[in-house]
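Hi,

Here is the structure I promised to pass on. Have a look at it first, and then read my notes below.

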Amino acid sequence: MEEIPSKYDPKQVERKWSDFWEKHELYKADPTSSKTPFSLVMPPPNVTGILHMGHVLGGTLQDVLARYKRMQGFEVLWLPGVDHAGIATQTVVERDLIKRTGKRRKEIARVDFEKLCFSWTKEHRAGILEQIKSLGCSCDYTRTKFTLDPEINKAVLQLFKKLYDDKLIYQGYYLVHWDPVTQTALADDEVEHEEKKDFLYFIKYPIVGKSDSIIIATTRPETLLGDTAVAVNAEDPRYSALIGQEIQLPLTERKIPIICDDYVDPEFGTGAVKITPAHDFNDYEVGKRHDLPMINLMTPDGKINHNGGAFEGFSMQEAREKVIDELKQMGLLMKVEPHTHRVGTSYRSKAIIEPYLSKQWFINMTPFKVKLKEAVEKGNVKLYPESWKSTYFYWIDNLRDWCISRQLFWGHRIPIWYNKANPDRLICHIEEGLPKEVQENPDDWKRDEDVLDTWFSSALWPFSTLGWPKDTQDLKKFYPNSLLITGHDIIFFWVARMLMMGDYALDELPFNEVILTGLIYGKSYWRKGACGGAVYVSKEERSSYDLGTTPPKDVHSKWEKISKSKGNAIDPREIIDLYGTCAMRMALTSTSCQLQQIDLDRRKFEDYKNFTNKVWNGARFVLSHLQTLDQKKLQSGLDFKKLHLEDLWILRKLTEVTTEVTESIDTYQFDRAAQKAYEFFWNDFCAYYLEIVKPTLYGKFGSDEDKTQKQIVLFVVLLASIRLLHPMAPFITEELFSILKEIFPEGEAHSDIDLFTRGALSSLRAQCCMVSSFPKIINHPDLADHIEKDFDFLKQLIYAVRNIRGEMRLSPGAKTDLFLESDKKQLIEKHSHILKALVPIEMVHFDEKSTSSFASTAQLDNTSILIPLPQDLLQKEKERLEKELSKKELNLEGVSKKLSNPNFVERAPKELVEKQKVLIEQTEKEIKSIKEKLASFSEEMTS
């Protein structure tokens, strides 16, 4: 075979095995298989972007489970897909359209704009899938879905009609989050909130028939044009007498009532609140309770409409300035105060969100509340971690009807036709072609312009991807999914809605377990700018701080949610390029993924790059010594009677780590699984076992049979380690597995072979590591508790000896004698080769006294340890002491001169004089001690 490269090259290995897995379709699921199914669907990333670390974390954990279950013999389906990203895609395509033609989407035929979107997404979907593949994700790419695929669209429309026919979908006016730039309603999660410095305006509202006024405080004076009441708290004595009276609304001819409502906080502002039901969510609820008129002031593009009177046509911001000017002239603006509040902005266009009363399609959520709550309460759906149950219940308890319509061209078109003469006459049609009535009288009908919220199609993802509403083999085999892994931020927007739709459409919940990962935070660094704001450092400067350079005092830092503007986002492509995919995956798997906030330290990638190098170098050493192992001897397996303590110990540790990794993955403690596998390979296998066996492998200790047995142990442990690590680090383990297959092409074992070697040889018959078997837990009778107890004592003894050597400042290769008095003499003597392999020891002496006066000692339980200073170091120590003596004598001479000077003694502070006297006394003692040691040296060196 070719020589194994001295360094691990992630780029070459990753491309090689990614192509191999895909070429042989090793990830492809078989719905006709008799194997137990394990299925999960990938949360579909948006087609518009690149994968961020949140995607990579979720994808890595899903792949860990998919690979683990596949190796355990399950029929695994991990189904990938991409979301059409309604607003985001439309925005990007329209921007390109404007750039190329100067036209907006509404200036071309809808069908033409849709073609542009499909063309754009087709191109970018391939890029997203390539990124997913680069992570090593073992998805079934033959089943890749797009949320606007024809079969997915049919499923979406089928469910819409079912809801419509069951009278669970209705149309009505409702207050929604409105993006005036993209001109569509947004879901709650599509709105980003940020702190904004603004002003609080105090305005006088004259009371009808009186000379008095009531003062309200507002951050949005322009919306007073749509006020329909002023509300106060019934318990507020300042206003109790005014309840029921009317106010002359400034800048209008309308009169509005003063009402009482518990919503009003007497402590905020003036205790009186203007109520604008069509432009504020809280006001909307007050308006419904009091049956107030709802006056919409805004056009879809964010301007004042005809209800704004003289202010019609101005943008909301322009209207604010003009309203303030008018109020000033009328003497109704009392004062303006600085005020900081949270403002909603569109996640895509960054426009300020306006609450907007518009006609939308809704799902009546009331019938679903009980089932959604019971699903988690009764344990039919388990959330990990359980702490998210309270958040889930809060959302369900406060469930509002779901606005499912979006004013876009790009998406699943709502299958509703309106009669132009009678808009209340509707047709819901989902079959091919036009409804019969429309075909007969096309001019009498108009199709709904809106599309469905992207969360609607996503809610069907666990079963629409499997072929529903058709009764497909995939649906029968793989529904319900085994579990879901996703970020905790969409526990309601996606998780709860999938539970709702799965139960509604198939009478069965789509999954029974949900793992909610934390959100990834990065460390941002900034300096204070000239105007007091934050100026974020450059990418290069940030990288140096991330890797351990101490920032200067003028640089501030903080863990924050990842943001391009703050420069704290970590690009997965950059991490892969620098450290390799396996290092990135191991780093992410080893994080406590179920924390609410994950502070992702870049140095963790560096640590796991070192680990992958350790795996490569350790495996390379083992593989070089396995090439001389006779195939027939390997097929005969281990002879436990011929194994030494270290061999039995490493096999016992292998059983332990197999148990721990298996249990950890089974209970979704991914960080524990990664850490245990890491510790076993780095510490137990490399730091101890490989060092102990080197003398045997090089023929310096033991017999040829000992060497053969150790080679088989190395084969067993290396192959098991590779398979344990494979779900977390697939590329490097696949490469090492292939080298083992090349060394040992024949994998048949004797019938009476031990279980360790049998399992290893059996796994090696697989086509590759990805489809080999995961290590099984083997409880061999010869691996009793005393094995670990005895070896642990030797480890403690080695640790104590190493500590003594460190204190003596011995060079790593310097050999010393070791003197021991111990009640474990027999154990130490029998396994002294372990001591000598791990510590440079000339001879071990039991129950003898060292003749050297220069020695260091330690005590370990009932074992006394002594190490004499080697002869070749005595002269160096003598020279060091002579230099130290000269230095001390010079110091003594200087201090003595000071104290012999009458002027110093008389003029110096008394405390200083006393301090000098103490220093003389201390120095004299140190000089005496050094001279005694030098005298002993002379005697030792001449004896």
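**Salt bridges, to begin with**

D19 and R15 form a salt bridge, with 2.8 Å between the closest N and O atoms. Keep in mind that this is a predicted model, so every value here is computed from it. Both residues sit in helix α1 (residues 10-23), four residues apart, which is about one turn of the helix. That spacing suits a pairing along one face, because an α-helix has 3.6 residues a turn and residues three or four places apart point the same way. Neither end of the pair is hidden away: D19 counts as partly exposed because its relative accessibility is 37%, and R15 is partly exposed too, at 43%.

A similar story turns up in helix α6 (residues 281-290), where K288 and E285 lie three residues apart, again about one turn. They form a salt bridge whose closest N and O atoms are 3.8 Å apart. K288 is partly exposed at 44% relative accessibility, and E285 is partly exposed at 26%. Elsewhere, salt bridges that share partners tie D198, R220, E222, R320 and E354 into one network.

One more pair to click on is D166 with K162, a salt bridge with its closest N and O atoms 3.9 Å apart. D166 has a relative accessible area of 40%, so it is partly exposed, and K162 is partly exposed at 32%. How many salt bridges does the structure hold? The count comes to 58.

**A buried charge without a partner**

Now for E75, which is in strand β2 (residues 75-79). E75 is buried but has no salt bridge. The nearest side chain of opposite charge belongs to K35, 4.3 Å away, and that misses the salt-bridge cut-off of 4 Å. So what does the side chain of E75 reach instead? It reaches the backbone nitrogen of D30, at 2.8 Å. The side chains of E75 and S33 are also joined by a polar contact of 3.0 Å. Leaving aside residues up to four places away in sequence, E75 touches K28, A29, D30, S33, K35, T36, P37, F38, K477 and F478.

**An enclosed helix**

Helix α17 (residues 581-589) is worth finding as well. Nine of its nine residues are buried, so the helix is largely enclosed by the rest of the structure. Among them are the charged R585 and also C582, M584, M586 and L588.

**The whole chain**

Zooming out, the protein chain has 30 helices and 31 strands. Its radius of gyration is 38 Å, well over the 30 Å that the globule rule gives for 943 residues, so the chain is more spread out than a compact globule. Along the principal axes, the C-alpha trace spans about 120 × 95 × 55 Å.

Buried residues make up 53% of the 943 in the chain. Taking contacts with a separation of 6 or more, 78% are between residues 24 or more positions apart. As for the surface, the chain exposes about 44,100 Å², and carbon and sulfur atoms supply 48% of that.

Happy browsing!

Note on methods. Residues are numbered from 1 along each chain as its sequence is written. This is a predicted model: local features need pLDDT of at least 70, side-chain atom pairs count only at pLDDT 80 or more; totals for chains, interfaces and linings use all residues. Side-chain values use heavy atoms; hydrogens and water are left out. Buried means under 20% relative accessible area, exposed over 50%, partly exposed in between (1.4 Å probe, protein chains only). Helices (H or I, at least four residues) and strands (E, at least two) are DSSP runs, numbered from the N terminus. A polar contact is a pair of N or O atoms within 3.5 Å; within protein, one must be able to donate a hydrogen and the other to accept it, and residues adjacent in sequence count only if both atoms are side-chain atoms. Contact means heavy atoms within 4.5 Å. The radius of gyration is taken over C-alpha atoms; the globule rule is 2.2 Å times the number of residues to the power 0.38. Accessible areas come from the Shrake-Rupley method with a 1.4 Å probe; for residues, only the protein chains shown count as cover.
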